[in-house]
Each structure stands twice: as C-alpha cells, then as structure tokens.
Amino acid sequence: MITLDHVSKSYEKGHPALDNISLHIDKGEFVFVVGASGSGKSTFIKLLLKELDPTKGTITVNGNVLNKLPRRKIPKYRRGLGVVFQDFRLLKDRNVYENVAFAQRVIERPTSVLKKNVPEVLTLVGLADKYKSLPKELSGGEQQRVALARALVNRPDILLADEPTGNLDPRNSVEIMKLLEEINARGTTVVVVTHNREIVNAMKKRVVRLRKGVIISDEKEGVYVED
C-alpha cells in the first residue's frame with residue numbers, strides 16, 4: 001500500500017530531513033510513526049501527500065509512483081487518502097453536515113449520495129445528533145470527530161493522521177484513537193504520526209521510530225521510549 005525505497009529529502013541547509021529511509025506498509029495495517037521534534041515526521045507526511053518530492057529514492061502509494069505522478073493527477077491521487085490534522089481545519093461558517101459534505105461536493109457527488117453517506121459517517125464518529133452545529137459550538141474532541149468524518153466520507157484506502165490528538169485532553173485522545181482503531185478494523189490502512197508516548201504504548205501497534213531523519217527501529221508491537 002505504501003513503499004518508500006531509499007528515500008531522502010534535503011532542504012537547502014543542514015542535515016537531511018529524511019536520510020535514505022526504506023519502509024513498507026501493507027494494506028490494512030495500523031502504523032505509528034513517532035519521533036521527537038525534528039525527526040522527520042512532518043516531512044514524511046508531506047511526501048505521502050505529494051506536497052513535497054523526495055531528493056532521492058522512490059515513493060509508491062496505492063499503485064501510484066509519486067515521483068512520476070503528473071501535476072494534473074495529484075488531486076485524483078489525494079482523493080484516495082483521508083487526512084486528519086492536529087488543528088482540525090474545519091470551515092468555521094458551515095455546520096457539521098456541510099463540513100463533511102464538502103469533501104463529497106469537491107468530487108461532485110450527487111445530492112442523493114451525500115444524503116446517504118454524510119449521516120452514515122457522522123453516526124460512525126458519534127455525531128449524528130450534532131449535524132446542525134457550527135464548529136464553535138463543539139468541544140475540541142467533537143471538532144476532531146468532524147474532521148475524521150470528513151476524511152472518511154469518500155471511503156479512502158489510506159487514512160493519514162498527523163498529530164490527531166495534539167490539541168486534545170487525555171480522555172478525548174483515547175476516544176479518537178478508538179475510532180481510528182475501529183476504522184482500521186473495517187479495512188482502511190491507518191498511519192498515525194505522533195509524539196504522544198502514552199497512546200502509542202497503550203495501543204500495541206506497529207511503531208516506526210525516526211531520529212534525525214533515520215529509521216532507528218521498526219517493531220510490530222513496539223513501544224515508544226524516551227528519545
């Protein structure tokens with residue numbers, strides 16, 4: 001599903017953000033990518049989203065060789081990905097229903113499909129009764145659930161979560177991770193980039209650990225110890 005083959009990414013100055021990393025993630029896996037600030041986690045996500053191109057190496061995601069992907073095909077490629085960020089990125093002037101529906105409107109799904117898919121995914125994340133609420137009327141945990149619903153409504157093969165619990169308290173963090181685990185159990189490949197040691201160690205999933213752009217460990221039921 002995701003393969004990085006001897007990938008490096010260098011910016012203009014200093015140590016490479018990623019330095020000759022190779023990684024394979026199978027369909028249906030749940031993987032944490034962890035590391036301290038400056039380890040290369042953000043660059044890793046940006047490469048998978050094709051916001052950046054590698055300096056060296058090859059990246060293949062869901063059958064797409066990203067190095068060779070023409071610019072005009074990037075939007076279609078990204079439709080196969082669901083993405084959740086730390087800062088939610090909701091449309092503040094639209095209610096919960098419209099925030100989730102927006103992802104379907106972008107790909108020109110008909111209204112009849114929206115009316116089926118949006119309530120379905122809001123039920124999955126436990127927000128069916130909040131569909132008329134504006135983001136400002138929701139808690140942080142609820143806003144992240146809306147962001148998760150929006151990422152899932154197009155039924156992506158891969159869900160990328162970039163510090164999804166970064167702005168949440170411990171209880172809401174656990175709830176969001178339970179949802180990600182449920183989504184993974186339904187067949188979606190889930191990749192979570194985080195520095196939340198407690199959550200990683202509680203979930204006992206595969207853990208890929210970065211330090212200064214290099215993979216220093218990759219364990220099936222890994223733990224995240226101090227850097």
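## Exercises on a predicted model

Helix α1 is mostly covered, with 6 of its 8 residues buried. Keep in mind that this is a predicted model. Let's start with this helix and work outward.

### Exercise 1: Helix α1 and what follows

Find out which residues of α1 are buried, and whether Lys50 is buried or exposed.

**Solution.**

Step 1. Go through α1 residue by residue. The buried ones are Lys41, Thr43, Phe44, Ile45, Leu47 and Leu48.

Step 2. Move on along the chain. Lys50 follows α1 and has a positive phi, near 55°. Its place is in the loop between α1 (41-48) and β4 (56-61).

Step 3. Apply the cut-off: a residue is buried when its relative accessible area is under 20%. Lys50 has a relative accessible area of 9%, so Lys50 is buried.

Step 4. Look for its partners. Leaving aside neighbours within four places in sequence, Lys50 is in contact with Leu66, Leu69, Ile74, Tyr77 and Arg78.

### Exercise 2: A lysine in a helix

Locate Lys116 and work out how Lys116 should be classed by its relative accessible area.

**Solution.**

Step 1. Lys116 is found in helix α4, which covers residues 111-124.

Step 2. Between under 20% for buried and over 50% for exposed lies the partly exposed class. The relative accessible area of Lys116 is 47%, so Lys116 is partly exposed.

Step 3. Now try a distance. Lys116 and Asn95 are 21 residues apart along the chain, and 17 Å separates their C-alpha atoms.

### Exercise 3: How α5 packs with α6

Describe the packing of helices α5 and α6: what is their crossing angle, and which residues make the contact?

**Solution.**

Step 1. Two packed helices are described by the angle between their axes and the distance between the axes.

Step 2. Take α5 (residues 140-152) and α6 (residues 170-185): their axes come within 10 Å and cross at roughly 15°. Angles under 35 degrees count as roughly parallel, so α5 is roughly parallel to α6.

Step 3. Check the handedness: α5 and α6 cross in a right-handed way.

Step 4. List the contact. From α5 come Gly141, Gln144, Arg145, Leu148 and Leu152, while α6 supplies Asn172, Glu175, Ile176, Leu179, Leu180 and Ile183. Sorted by class, there are 6 nonpolar, 3 polar and 2 charged residues.

### Exercise 4: How α3 packs with α5

Do likewise for α3 and α5: how many Å apart are their axes, and what classes of residue form the contact?

**Solution.**

Step 1. The axes of helix α3 (residues 96-106) and α5 are 7 Å apart, and the helices pack at an angle of about 30°. That angle makes α3 roughly parallel to α5.

Step 2. The crossing of α3 with α5 is right-handed.

Step 3. On the α3 side, Val96, Asn99, Val100 and Ala103 take part; on the α5 side, Val146, Ala149 and Arg150 do. By class, this gives 5 nonpolar, 1 polar and 1 charged residues.

### Exercise 5: The whole protein

Judge how compact the protein is for its length.

**Solution.**

Step 1. Count the elements: the protein has 7 helices and 10 strands.

Step 2. Compare radii. The radius of gyration is 18 Å, close to the 17 Å that the globule rule gives for 227 residues, so the protein is as compact as a globular protein of that length.

Step 3. Add the dimensions: along its principal axes the C-alpha trace spans about 50 × 40 × 30 Å.

Step 4. Finish with burial and contacts. Buried residues make up 48% of the 227 residues. Of the contacts with a separation of 6 or more, 68% are between residues 24 or more positions apart.

How values were computed: Residues numbered from 1 in each chain as written. Predicted model: local features only at pLDDT ≥ 70, side-chain atom pairs only at ≥ 80, totals over all residues. Heavy atoms only, no water. Axes fitted to C-alpha atoms, helices over the stretch in contact; angles between N-to-C directions. Helix = DSSP H or I, 4+ residues; strand = E, 2+ residues; numbered from the N terminus. Parallel < 35°, antiparallel > 145°, perpendicular 65-115°, else oblique. Left-handed = near helix turned anticlockwise from the far one by under 90°. Contact = heavy atoms within 4.5 Å. Nonpolar A, V, L, I, M, F, W, Y, C, P; charged D, E, K, R; others polar. Rg over C-alpha atoms; globule rule 2.2 N^0.38 Å. Buried < 20%, exposed > 50% of the residue type's maximum accessible area, 1.4 Å probe, protein only.
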